Amino acid sequence: MQQINVKPASGRLGILTPGMGAVSTTFMAGVISARKGLSKPIGSLTEMGYIRLGKRTEKRQSLIREFLPFARLDDIVFGGWDIFTDNAYEAASKARVLRPEHLDPIKEEMTQIKPMAAVFDPAFVKNISGPNIKKGKNKLDLADQLRADIRNFKKNNNCERLVLVWCGSTEAHLKVGPEHQTLEGFEKAMKEDSPNISPSMIYTYASLMEGVPYVNGAPNLSVELPCLMKLAEDKGVPIAGSDFKTGQTLMKTIIAPGLKARLLGIAGWYSTNILGNRDGEVLQDPESFKSKEVSKLSVLDSILEPERYPDLYGDLHHLVKINYYKPRGDNKEGWDNIDIMGWMGYDMQIKVNFLCRDSILAAPLVLDLAQFMDLAARSGFKGIQEWLSFYLKSPLAKQGLQPEHDLQVQKLKLENTLRYIGKEELINHLGLTYYGYDEGDASKIGN
Ligand SMILES: NC(=O)c1ccc[n+]([C@@H]2O[C@H](COP(=O)([O-])OP(=O)(O)OC[C@H]3O[C@@H](n4cnc5c(N)ncnc54)[C@H](O)[C@@H]3O)[C@@H](O)[C@H]2O)c1
């Protein structure tokens with residue numbers, strides 16, 4: 001087995017988010033609040049999760065953050081870019097995710113986090129406009145300005161390492177084109193201001209060129225480009241994406257694998273949402289919604305394999321709707337109606353009504369993704385980090401590999417990767433040795 005030698009998590013880790021809106025500022029507020037002991041980082045595996053090590057009989061459970069080296073919350077520094085000039089306190093107040101009683105005690109720290117000027121193009125995000133936008137000769141020049149921001153942030157904040165997590169608005173849907181194939185072609189297209197180069201692609205390029213791991217938290221195309229995936233490999237930088245798996249899709253990837261495991265058929269899955277935050281407003285634009293829809297729809301096909309199980313899933317009618325409805329703010333309400341069928345084709349229904357809080361669900365994912373990406377970088381991993389599929393609606397996988405969507409399989413993959421990094425036995429859950437069987441080669445792997 002290849003030996004991984006993880007570098008220590010010494011010094012400060014800068015977490016930079018393009019986009020300092022609801023998700024980003026809720027994440028920052030939660031970390032600052034946790035380090036003051038004012039709240040618990042609920043939902044974060046790297047803060048609160050345990051991992052089993054060795055055989056069940058050994059009864060060894062370790063806090064993940066004690067098993068492997070991670071940045072301490074005290075060593076995390078925040079930064080970001082936005083088209084608005086609001087500092088993180090103002091942006092969080094306007095997002096109305098957190099109540100004043102939770103924001104006021106951290107006002108001083110939040111006020112100090114000020115957005116850098118954004119690379120923005122209204123062709124990609126229609127329903128918002130703001131004053132804090134970079135000007136440049138062309139898109140390559142804008143990328144250079146972002147690269148300078150990244151370097152300056154690292155220097156001025158005395159950071160050892162950085163991670164970028166895209167928390168910007170969902171951009172209009174784009175398909176991979178000829179200008180996205182090679183780095184030379186991509187740079188030429190940026191120089192020529194090609195309309196097929198979006199701001200999120202420019203941030204990704206800048207991040208990778210600076211050797212900084214990059215996560216795409218939204219469904220728009222950026223880190224998925226062939227030229228940028230290759231750049232990540234060539235520069236030895238980890239990448240992950242796309243689209244944080246939080247509310248309805250999280251539920252889907254819990255429920256669908258369970259139904260499939262019992263070979264219950266599904267005739268239809270109708271998902272609808274009402275949402276009143278800025279994200280919901282942006283998603284009213286059909287182009288931005290298209291990016292979201294593609295990401296949300298792909299999940300079921302991949303889990304259910306309709307081509308293998310045509311009798312059970314071959315005729316599945318899957319619909320996803322998002323409606324902007326202002327009174328709800330960030331408190332998204334999702335309804336799922338699932339038409340299932342059992343023995344002899346008898347029909348049944350499942351209804352799920354999820355009254356969630358979008359950014360409350362997404363915030364711990366930003367922390368975990370940043371911490372795990374930093375761990376990946378310190379472990380010498382590069383390119384696609386499939387083990388972080390656990391957090392994403394449209395997980396990246398190498399060309400030719402089916403992405404894994406089942407939340408429990410994703411969790412096993414993540415845990416085994418941590419064991420691998422920490423030089424512990426992998427766990428395959430076979431469990432026969434406890435009953436006196438010889439597992440042969442499998443016994444080299446803990447059960
Ligand atoms: N909250 C969730 O559960 C969840 C789940 C999956 C994905 N997402 C995605 O995360 C992203 C952030 O969500 P949110 O609720 O914080 O949205 P938000 O609208 O509150 O914040 C997005 C911020 O990005 C800024 N922005 C837009 N384009 C930018 C650019 N080019 N550069 C810098 N800043 C830019 C906007 O001004 C805004 O402040 C969205 O794309 C959303 O679809 C959220």
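Let me start with the shell around the ligand, in what is a predicted model. Helix H15 gives the largest share of that shell, four residues. There are 37 residues around the ligand, and those that come nearest are Gly 19, Gly 21, Val 23, Ala 218 and Arg 278. Besides H15, the elements that contribute two or more residues are helix H1 (22-35), strand E4 (76-82) and helix H12 (278-282). By residue class, the shell holds 20 nonpolar, twelve polar and five charged residues. Domain 1 and domain 2 each supply at least three residues to the shell.

That brings me to the domains themselves. The domain assignment gives domain 1 as 12-244 + 359-421 and domain 2 as 248-355. Their C-alpha centres lie 26 Å apart. The contact between them takes 27 residues from domain 1 and 26 residues from domain 2. On the side of domain 1 that touches domain 2, nine residues are nonpolar, twelve polar and six charged.

I turn now to the interior. The largest nonpolar core has 107 residues, and within this core Val 165, Ile 202, Val 366 and Leu 369 touch the most other members. Helix H15, which runs over residues 358-378, again appears here: with 13 residues, it provides the largest share of this core. Where does this core lie with respect to domain 1 and domain 2? Both domains give residues to the core, so it lies between them. Consider Leu 369 in particular. Leaving aside neighbours within four places in sequence, Leu 369 is in contact with Val 165, Val 215, Ala 240, Leu 388 and Tyr 391.

A second, separate core consists of eleven residues, including Leu 259, Val 299, Leu 312 and Tyr 313. Tyr 313 lies in helix H14, residues 310-313. Is Tyr 313 buried or exposed? Tyr 313 is buried, because 22 other C-beta atoms lie within 10 Å, and the threshold for burial is 20 or more. Not counting residues up to four places away in sequence, Tyr 313 touches Gly 265, Ile 266, Leu 304 and Pro 306. Tyr 313 and Ile 340, 27 residues apart in sequence, are separated by 9.7 Å from C-alpha to C-alpha.

Next, the overall fold. The protein has 16 helices and 13 strands. Its radius of gyration is 22 Å, close to the 22 Å that the globule rule gives for 447 residues, so the protein is as compact as a globular protein of that length. The C-alpha trace spans about 65 × 50 × 50 Å along the principal axes. Of the 447 residues, 46% count as buried. Among contacts with a separation of 6 or more, 75% join residues 24 or more positions apart.

Finally, some points of backbone geometry. The peptide bond from Gly 241 to Ser 242 is cis, with omega near 0°. Ser 242 sits in the loop between strand E8 (238-241) and helix H11 (248-261). Lys 59 has a phi near 50°, a positive value in a residue other than glycine. This lysine, Lys 59, is in the loop between strand E2 (50-53) and strand E3 (60-63), and Lys 59 is exposed, with 9 other C-beta atoms within 10 Å. Lys 423 likewise has a positive phi, near 55°. Lys 423 is in the segment after helix H16 (407-421) and is exposed, with 11 other C-beta atoms within 10 Å.

How values were computed. Residues are numbered from 1 along each chain as its sequence is written. This is a predicted model: local features need pLDDT of at least 70, side-chain atom pairs count only at pLDDT 80 or more; totals for chains, interfaces and linings use all residues. A nonpolar core is a set of buried Ala, Val, Leu, Ile, Met, Phe, Trp, Tyr and Cys residues joined through C-beta atoms within 7 Å. A residue is buried if 20 or more other C-beta atoms lie within 10 Å of its own, exposed if 12 or fewer, and partly exposed in between; C-beta atoms are placed from the backbone. Domain bounds come from an automatic or database domain assignment. Two residues are in contact if their C-beta atoms, placed from the backbone, lie within 7 Å. A residue is near a molecule or strand if its C-beta atom, placed from the backbone, lies within 6 Å of it. Ala, Val, Leu, Ile, Met, Phe, Trp, Tyr, Cys and Pro count as nonpolar, Asp, Glu, Lys and Arg as charged, and the others, Gly among them, as polar. The radius of gyration is taken over C-alpha atoms; the globule rule is 2.2 Å times the number of residues to the power 0.38.
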